[in-house]
Amino acid sequence: EKWPKGRGVIVPLYEPPQNLPPALAEVVAYERISAKGLTATVVDLAVKGYLTIEETKRLFFSFSKNYEIKRINKDTTPLHSYEIKYLDLDVFNFSF
């Protein structure tokens with residue numbers, strides 16, 4: 001028995017997109033957005049200087065950590081449109 005000769009090993013050559021925000025990376029990879037992607041967007045915006053995330057004092061018998069997220073008013077022109085809409089929500093300046 002003789003098998004037809006194939007093309008050999010095919011190695012794809014590609015590079016991942018540069019400077020892709022977490023939410024867009026999740027959409028490209030999984031074709032959806034999850035709570036993890038939105039949380040990663042909050043952290044990404046904090047790294048870029050648009051939000052602050054600070055640990056607040058714990059309650060007396062609380063074992064969990066509490067955080068306060070505040071928006072910093074800064075020029076939003078270099079952001080993607082979905083990030084600007086995300087920042088414009090009234091959910092920032094809260095504690096959890």
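Let's start at Lys65, which sits in the loop between strands S1 and S2. Keep in mind that we are looking at a predicted model. Is Lys65 buried or exposed? With a relative accessible area of 44%, Lys65 is partly exposed, because that category lies between the 20% cut-off for buried and the 50% cut-off for exposed. Now find Ser81 as well. Lys65 and Ser81 are 16 residues apart along the chain, and their C-alpha atoms are separated by 32 Å.

Next, please turn to helix H2, residues 35-47. Here is a little check you can do yourselves. H2 has 13 residues, and at 1.5 Å a residue they should span 18 Å. The C-alpha atoms at the two ends of H2 are 18 Å apart, so the expectation and the model agree.

Which residues of H2 are buried? They are Gly37, Thr41, Val42, Asp44 and Leu45. If you look down the axis of H2, these buried residues fall within an arc of 165°, so they line one face of the helix. Here is the general idea behind that kind of pattern. An α-helix has 3.6 residues a turn, so residues three or four places apart point the same way. On the other side of H2 you will find Ala35, Lys36 and Val47, which are exposed.

So what covers the buried residues of H2? The cover includes helix H1, strand S1 (51-56), strand S2 (66-71) and helix H3 (81-88). And before we leave H2, have a look just past its end, where Gly49 takes a positive phi of about 95°.

Let's take the two helix partners in turn, beginning with H1, residues 22-30. The axes of H1 and H2 come within 8 Å and cross at roughly 150°. An angle over 145 degrees counts as roughly antiparallel, and H1 and H2 are therefore roughly antiparallel to each other. From H1, the residues in this contact are Pro22, Ala23 and Glu26, and they meet Gly37, Ala40, Thr41 and Asp44 in H2. Sorted by type, the residues of this contact are three nonpolar, two polar and two charged.

The other helix partner is H3. H2 and H3 pack at an angle of about 90°, and their axes are 11 Å apart. That makes the two helices roughly perpendicular. H2 brings Leu38, Thr41, Val42, Asp44 and Leu45 to the contact, while H3 brings Tyr82, Glu83, Tyr86 and Leu87. This time the division is six nonpolar, one polar and two charged.

Now look at H3 in its own right. Its buried residues are Glu83, Tyr86 and Leu87. Seen down the axis of H3, they fall within an arc of 95°, so they line one face of the helix. Those buried residues pack against H2, S1 and S2. The face turned away from the buried side carries Ser81 and Lys85, which are exposed. That is the Ser81 we paired with Lys65 at the start.

I'd like to finish with one residue, Asp44, which is found in helix H2. Why does Asp44 count as buried? Its relative accessibility is 18%, and buried means under 20%. Which residues does Asp44 touch, leaving aside its neighbours within four places in sequence? Asp44 is in contact with Pro21, Pro22 and Glu83. Pro22 takes part in the contact of H1 with H2, and Glu83 in the contact of H2 with H3. Do click on Asp44 and have a look around. Thanks for listening!

Terms used: Residues numbered from 1 in each chain as written. Predicted model: local features only at pLDDT ≥ 70, side-chain atom pairs only at ≥ 80, totals over all residues. Heavy atoms only, no water. Axes fitted to C-alpha atoms, helices over the stretch in contact; angles between N-to-C directions. Helix = DSSP H or I, 4+ residues; strand = E, 2+ residues; numbered from the N terminus. Parallel < 35°, antiparallel > 145°, perpendicular 65-115°, else oblique. Contact = heavy atoms within 4.5 Å. Nonpolar A, V, L, I, M, F, W, Y, C, P; charged D, E, K, R; others polar. Expected span 1.5 Å × (residues − 1). Buried < 20%, exposed > 50% of the residue type's maximum accessible area, 1.4 Å probe, protein only. Arc of directions from axis to C-beta.
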